[in-house]
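This report describes selected packing and side-chain interactions in one protein chain. Please keep the sequence and the structure in view while reading.

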Amino acid sequence: MTQQRFMQHPWSNWMKATGPEADIVVSTRLRIARNLQQHPFPMLATDSQAQEVVNKVTEVAQSDAMKARGQFELIRMDELNPLEKKVLVEKHLISPNLAEESRKGAVLLNQDESISIMVNEEDHIRIQVLLPGFQLNEAWEIGTKIDDVFEKVLNYAFDETRGYLTSCPTNVGTGIRASVMLHLPALVMTQQINRILQAINQVGLVVRGLYGEGSEALGNLFQLSNQVTLGMSETDILSNLFSVANQIIEQERAARRYLQEHSRIALEDRIYRSYGILLYARTVESKEASQRLSDIRLGIDIGIIKNVSTFACNELLVMTQPGFLQHHAGQKLTPEQRDERRARLIREKLTSKDMA
């Protein structure tokens with residue numbers, strides 16, 4: 001496997017659309033933040049200190065215990081150009097924070113891109129597990145086993161009272177952030193989404209956009225995650241998120257049934273209009289593409305559109321992003337050129353036999 005493979009191909013394991021509740025839950029992500037004793041946090045570390053952390057983490061990743069969990073490839077941020085880093089962000093393999101840290105950051109990726117271990121991001125180690133569908137317990141099982149491998153070799157920064165110590169105070173304690181990416185078009189259409197989002201904030205959870213904190217909920221995609229890590233056990237955090245996510249899933253299903261029963265013609269018209277526009281448009285900007293693809297995905301999930309797969313929509317979600325479009329073109333593109341290339345790519349994919 002070469003480093004370029006991660007940038008050149010849009011496919012990642014989380015796009016499979018084969019996991020539980022995959023008609024609503026696009027993906028499940030678990031992140032575990034850890035720091036090393038007697039090492040300055042990344043924001044304070046010198047280049048040599050940061051390199052020492054990379055070496056320690058890489059050594060563990062090459063151990064027999066880690067090899068039993070797959071083959072990992074090290075990618076250093078200072079070896080990537082801005083477009084390559086942007087592609088990794090768009091595929092959810094690294095955080096925007098790590099992409100900006102070109103001096104001393106790195107990531108270890110496994111072959112199917114379900115596991116990424118970020119080094120010298122906000123913390124020394126960020127173990128990320130990204131799975132298709134609603135798989136909180138499965139993600140935790142994978143993540144905690146990887147964490148155990150590192151903890152047997154490395155001395156973590158840990159306090160008996162506060163738990164695992166992290167750069168950001170909101171991660172102190174368990175150090176875990178669990179999230180599910182939800183596709184909620186019916187709740188948006190029926191204007192219930194604001195009420196639900198307000199209720200979520202009152203139970204220790206937070207909702208963000210497609211790329212986490214500070215990002216917009218494009219294409220009716222909402223990232224639901226825990227906000228509290230201190231004073232709660234890992235089991236409590238996962239259980240709370242699981243329960244609230246299940247309630248939202250049921251409310252989205254109820255909203256879809258309502259639309260089909262009371263506004264079916266209008267619903268079909270919206271879905272087919274979006275499908276027709278993307279099938280024939282010669283220029284499509286990013287925000288419109290996200291919304292139209294959301295309509296098509298809803299049409300697939302409720303059985304209106306039968307010749308396109310949910311996997312195809314997930315793949316297009318990455319392929320139509322600015323970074324991937326430009327990296328695929330091999331050059332920087334103006335906004336107008338990106339819009340034209342995005343429209344052509346969507347047309348080609350929607351008419352490809354491989355998309356069904």
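Discounting residues up to four places away in sequence, Ile 248 touches Leu 182, Leu 184, Leu 187, Ile 196, Ile 200 and Leu 224. The structure discussed here is a predicted model.

**Nonpolar cores**

Ile 248 is among the residues with the most contacts inside the largest nonpolar core, which has 74 residues. The others named in this group are Ile 117, Ile 125, Phe 150, Leu 182, Leu 224 and Leu 350. Helix α9 gives the most to this core, with nine residues. A second core, separate from the largest one, has 13 residues, including Trp 14, Leu 221, Leu 317 and Met 319. In soluble globular proteins, nonpolar side chains tend to be buried together.

**Salt bridges**

Side chains of opposite charge can pair when their charged atoms come close. Across the whole structure, 19 salt bridges are found. Three of them are set out below.

| Salt bridge | N to O distance |
|---|---|
| Arg 253 and Glu 21 | 2.7 Å |
| Arg 256 and Asp 301 | 3.7 Å |
| Glu 340 and Arg 344 | 2.7 Å |

The side chains of Arg 253 and Glu 21 form a salt bridge at 2.7 Å. Arg 253 belongs to helix α9 and Glu 21 to the loop between α1 (5-8) and β1 (25-34), so this pair ties together parts that are 232 residues apart in sequence. Glu 21 has a relative accessible area of 29% and is therefore partly exposed.

The salt bridge between Glu 340 and Arg 344 has its closest N and O atoms 2.7 Å apart. Glu 340 and Arg 344 are separated by about one helical turn because they lie four residues apart in helix α14 (residues 335-350). Both ends of this bridge are partly exposed: Glu 340 has 33% relative accessibility, and Arg 344 has a relative accessible area of 28%. Elsewhere, salt bridges with shared partners join Glu 21, Asp 23, Glu 250 and Arg 253 into one network.

**Arg 256 and its surroundings**

Arg 256 is located in helix α9 (residues 234-262). Is Arg 256 buried or exposed? Its relative accessibility is 7%, so Arg 256 counts as buried. The side chains of Arg 256 and Asp 301 meet in a salt bridge, with 3.7 Å from N to O. This pair links distant parts of the chain, since Arg 256 is in helix α9 and Asp 301 in helix α11 (residues 286-301), 45 residues apart. Asp 301, at 23% relative accessibility, counts as partly exposed.

The side chain of Arg 256 also reaches the backbone oxygen of His 183, at 3.4 Å. Apart from neighbours within four places in sequence, Arg 256 is in contact with Asp 23, Ile 24, His 183, Pro 185, Ala 186, Leu 298, Asp 301 and Ile 302.

**Helix α11**

Helix α11 has 16 residues, and the span from its first C-alpha to its last is 22 Å, close to the 22 Å expected at 1.5 Å a residue. The N-terminal end of α11 is capped by Glu 285, which has a side-chain oxygen 3.1 Å from the backbone nitrogen of Lys 287. Buried residues of α11 include Ser 286, Leu 293, Asp 295, Arg 297 and Leu 298. After α11 comes Gly 303, with a positive phi near 85°.

**Asn 226**

Strand β10 (residues 221-226) contains Asn 226. The relative accessible area of Asn 226 is 2%, and the residue is buried. The side chain of Asn 226 reaches the backbone oxygen of Ile 176 at 3.2 Å. With neighbours within four places in sequence left aside, the contacts of Asn 226 are Ile 176, Arg 177, Ala 178, Gly 204, Leu 205, Val 206 and Ile 237.

**Aromatic pairs**

The count of aromatic pairs comes to three. Phe 134 and Phe 242 form a stacked pair, with 5.0 Å centre to centre and 10° between the planes. The pair joins distant parts of the chain: Phe 134 is in the loop between β5 (125-132) and α6 (136-153), and Phe 242 is in helix α9, 108 residues apart. Phe 134 counts as buried at 7% relative accessibility, whereas Phe 242 counts as partly exposed at 37%. The ring centres of Tyr 156 and Tyr 164 are 6.0 Å apart and their planes lie at 80°, so this pair is edge-to-face. Tyr 156 and Tyr 164 are both buried, and together with Phe 158 they form one aromatic cluster.

Conventions: Residues are numbered from 1 along each chain as its sequence is written. This is a predicted model: local features need pLDDT of at least 70, side-chain atom pairs count only at pLDDT 80 or more; totals for chains, interfaces and linings use all residues. Side-chain values use heavy atoms; hydrogens and water are left out. Helices (H or I, at least four residues) and strands (E, at least two) are DSSP runs, numbered from the N terminus. Buried means under 20% relative accessible area, exposed over 50%, partly exposed in between (1.4 Å probe, protein chains only). A polar contact is a pair of N or O atoms within 3.5 Å; within protein, one must be able to donate a hydrogen and the other to accept it, and residues adjacent in sequence count only if both atoms are side-chain atoms. Contact means heavy atoms within 4.5 Å. A salt bridge is a side-chain nitrogen of Lys or Arg within 4 Å of a carboxyl oxygen of Asp or Glu. A nonpolar core is a set of buried Ala, Val, Leu, Ile, Met, Phe, Trp, Tyr and Cys residues joined through side-chain atoms within 4.5 Å. The expected span of a helix is 1.5 Å times one less than its number of residues. Rings of Phe, Tyr and Trp (its six-membered ring) pair if their centres lie within 6.5 Å; planes under 30 degrees apart count as stacked, over 60 as edge-to-face and the rest as tilted.
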